[in-house]
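Please open the structure in a viewer and keep the selection panel at hand. The tour below proceeds stop by stop, beginning at the ligand.

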Amino acid sequence: MSTIGFIGLGNMGGPMARNLVKAGHTLKVFDLVQASVDDLVDAGATAVGSTAEAATDVEVVITMLPAGPHVRSVYMEDGKVIESAAKGTLMIDCTTADVETSRAVNAAALAAGHEMIDGPVSGGVGGAEAGTLTIMVGGSDDAYGRAKPILDAMGKNVIHAGGAGNGQAAKMCNNMMLGIQMVSVCEAFLLAEKLGLDAQKLFDISSTASGQCWSLTTYCPVPGPVPTSPANNDYQAGFTAAMMVKDLKLSQGAAHNTGVSTPLGAAAAALYALYCRSGGEDKDFSGIVNMLRGSD
Ligand code: NAD
């Protein structure tokens with residue numbers, strides 16, 4: 001078992017940290033929100049006063065922050081994680097960030113004598129709570145080998161995607177598929193509605209036919225067919241539309257930088273940006289069905 005500094009105890013980081021405590025690790029935790037820290041202390045962790053302190057006298061540092069700029073700041077700038085940690089500390093960043101930030105922070109950590117992986121996750125808050133996340137890892141074989149037993153306490157599918165930044169590359173490609181597929185599922189249900197085809201019937205057919213995908217079978221954007229989907233709970237997130245915009249912007253930035261054409265990814269990015277501007281920012285991303293219907 002390891003002593004772990006955990007920074008970023010939000011919707012995802014909170015339950016992930018709790019699973020590490022449950023697995024028997026010793027946790028020193030920090031977040032800007034005191035209530036999130038208090039929840040982890042109740043679960044058995046120890047609170048510390050800064051990111052630098054969370055990186056001191058630990059074998060492993062894990063971060064789960066909103067986005068790339070926070071990662072850069074916590075590791076390399078004001079947060080002083082790289083500077084404060086003892087040489088040889090293993091650093092695991094689970095934030096969804098851009099590939100460039102991930103590779104820059106990884107290089108800085110290596111230059112200071114540490115090991116680092118990027119390990120963004122998929123599976124949402126439910127997966128974080130159940131410890132069933134898919135974790136996509138970028139980094140050296142050695143760092144992956146050290147991280148694997150720790151990641152196993154938070155995820156069910158832990159996959160080494162290659163060198164530094166490749167976990168982020170996998171995550172942005174996956175979420176570009178997700179954004180496009182969610183819009184396609186919404187459009188199909190809206191068309192079915194107008195054609196007089198019952199939503200449950202379309203679900204029963206398409207979930208066993210070639211239209212089958214996660215956005216349909218796990219996260220169906222209309223109420224009824226999948227009782228646990230946010231559509232049955234007034235589109236309470238879940239995974240917010242704002243987060244989807246962030247991820248689609250990451251993939252569009254990468255497509256631009258590499259010269260790859262992703263016209264459907266671009267369309268999904270534009271639609272989600274519009275949904276956020278029209279008030280959907282904090283709603284679950286499946287709520288875009290209401291904008292497409294013209295009812296929100
Ligand atoms: P969140 O906003 O709930 O949590 C982020 C936490 O980081 C907050 O508690 C915030 O206070 C803390 N934080 C920010 N700056 C900090 C600093 N300098 N020091 C300490 N703490 C700091 O976000 P989340 O939903 O937990 O998502 C975290 C990451 O996981 C994001 O990159 C997101 O894209 C990704 N993700 C989210 C989901 C999801 O369903 N929510 C699913 C997969 C991946």
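Select glycine 10 first: a polar backbone atom of this residue is 3.5 Å from an oxygen atom of the ligand. The model is a predicted one.

Move next to methionine 12, where a polar backbone atom is 2.8 Å from an oxygen atom of the ligand. Leucine 65 offers a further backbone contact, with a polar backbone atom 3.1 Å from a ligand oxygen. Now widen the selection to the surroundings of the ligand, which comprise 25 residues. Those that come nearest are Asn11, Met12, Asp31, Pro66 and Lys246.

For the second stop, colour the protein chain by domain. The domain assignment gives domain 1 as residues 3–162 and domain 2 as residues 169–293. Twelve residues from domain 1 and ten residues from domain 2 take part in the contact. Taken over C-alpha atoms, the centres of domain 1 and domain 2 are 28 Å apart.

Display the surface between the two domains. How much area is buried between domain 1 and domain 2? The value is about 820 Å², and carbon and sulfur atoms give 66% of it. On the side of domain 1, select Thr96, Val99 and Met136: these residues lose the most area to domain 2, and together they account for 45% of what that side buries.

Then inspect the polar side of this interface. Between domain 1 and domain 2 there are zero salt bridges, while three residue pairs are in polar contact, both residues of each pair being at pLDDT 80 or more. To see which elements of domain 1 face domain 2, highlight helix H6 (99–111) and strand E7 (121–122), each of which supplies at least two residues of the touching side. By class, that side of domain 1 has eight nonpolar, two polar and two charged residues.

The last stop concerns salt bridges, of which the count comes to four. Select glutamate 115 and arginine 146, whose side chains meet in one such bridge at 2.8 Å, N to O. Glutamate 115 belongs to strand E6 (residues 115–118) and arginine 146 to helix H8 (residues 141–151), so the pair ties together parts that are 31 residues apart in sequence.

Technical notes: Residues are numbered from 1 along each chain as its sequence is written. This is a predicted model: local features need pLDDT of at least 70, side-chain atom pairs count only at pLDDT 80 or more; totals for chains, interfaces and linings use all residues. Side-chain values use heavy atoms; hydrogens and water are left out. Domain bounds come from an automatic or database domain assignment. Contact means heavy atoms within 4.5 Å. Buried area is the accessible area (1.4 Å probe) that two parts lose on being put together, summed over both. A polar contact is a pair of N or O atoms within 3.5 Å; within protein, one must be able to donate a hydrogen and the other to accept it, and residues adjacent in sequence count only if both atoms are side-chain atoms. Helices (H or I, at least four residues) and strands (E, at least two) are DSSP runs, numbered from the N terminus. Ala, Val, Leu, Ile, Met, Phe, Trp, Tyr, Cys and Pro count as nonpolar, Asp, Glu, Lys and Arg as charged, and the others, Gly among them, as polar. A residue is near a molecule or strand if one of its heavy atoms lies within 4 Å of it.
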